[in-house]
Amino acid sequence: MKKLLSKDKWKYALYTVNHPADGFYEIRHRDRGSVPVAIILVIIFSICFSINRMSASFIVNDIEPRSVDSLKELISVLLFYILICVGNWSVTCLMDGKGRLKDIAIAVGYSTVPAMVCIAIGTIISQFVALDEGAFYYMVIGIGVAYTCFMLLVGVMTVHSFTLGKTIITILLTFVAIFLIIFIVLLFFDLINQVYSFLHSIYQELIYRT
């Protein structure tokens, strides 16, 4: 675990942000990345997101801070992260993708860094902007989100050795796969609930009859 969370692994995550194509290539072909680092980055992203929702100035934020549940948001972000990774892996397996689930998890995790940093910066900026200067806040957040999307695109394209067109199609199909996974999971829990209700009703009937 120490090796997976070493200083070099953290430095390489920052290197990947500055050099996405080279960084993701090294992750796929030379195992330079780290899944634990990627997961921690996703957790930090969730924390920055929650802090932004709670602490950003009222000029750019109309959310009631007391309504924000950081733990629920963290769980939601982690679940969405898992869904993206599993969804992309399931789609690319059918499309002859070269990337492993590990590579996808690292690529998605590392891609959150720009959004995370810009959300943190935006939260600080929001404390100092006037009513007519809110555009600066949205510009910073927009740059972070746009660069995160760019990194995600390059990451998927590089780890799977896809063309740009095939990568875009893959990302769209990934979201379709996510909806299918959610539907199947909900269907499964509904089935379990119905079976439980059926067995519980039989149990109650037997108790009443005896």
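Helices here are DSSP runs of H or I with at least four residues, numbered from the N terminus. The structure is a predicted model, and one residue worth picking out in it is Thr92, which sits in helix H4. Thr92 has a relative accessible area of 1%, so it counts as buried, the cut-off being under 20%. Leaving aside residues up to four places away in sequence, Thr92 touches Gly97, Ile104, His160, Phe162 and Thr170.

Next up is a pair of helices. The axes of H2 (residues 20-30) and H5 (residues 101-111) come within 10 Å and cross at roughly 155 degrees. Angles over 145 degrees count as roughly antiparallel, so that label fits H2 and H5. The crossing of H2 past H5 is right-handed. On the H2 side, the contact is made by Phe24, Ile27 and Arg28, while H5 brings in Asp103, Ile106, Ala107, Tyr110 and Ser111. Sorted by character, the residues of this contact come out as five nonpolar, one polar and two charged.

Two of these residues, Phe24 and Tyr110, turn up again in the largest nonpolar core, which has 33 residues. Together with Leu41 and Tyr81, they touch the most other members of that core. The core draws on plenty of helices: H1 (7-18), H2, H3 (35-55), H4 (70-94), H5, H6 (113-126) and H7 (134-159) each supply at least two of its residues.

As for Phe24 itself, its contacts include Ala107, Tyr110 and Ser111, which also belong to the H5 side of the helix pair. Phe24 touches Thr16, Met151, Val154, Gly155, Thr158 and Val159 too, again not counting residues up to four places away in sequence.

Terms used:
Residues are numbered from 1 along each chain as its sequence is written. This is a predicted model: local features need pLDDT of at least 70, side-chain atom pairs count only at pLDDT 80 or more; totals for chains, interfaces and linings use all residues. Side-chain values use heavy atoms; hydrogens and water are left out. Axes are lines fitted to C-alpha atoms, for helices over the stretch in contact, and angles run from 0 to 180 degrees between N-to-C directions. Angles under 35 degrees count as roughly parallel, over 145 as roughly antiparallel, 65 to 115 as roughly perpendicular and the rest as oblique. A crossing is left-handed if the near helix is turned anticlockwise from the far one by less than a right angle, and right-handed if clockwise. Contact means heavy atoms within 4.5 Å. Ala, Val, Leu, Ile, Met, Phe, Trp, Tyr, Cys and Pro count as nonpolar, Asp, Glu, Lys and Arg as charged, and the others, Gly among them, as polar. A nonpolar core is a set of buried Ala, Val, Leu, Ile, Met, Phe, Trp, Tyr and Cys residues joined through side-chain atoms within 4.5 Å. Buried means under 20% relative accessible area, exposed over 50%, partly exposed in between (1.4 Å probe, protein chains only).
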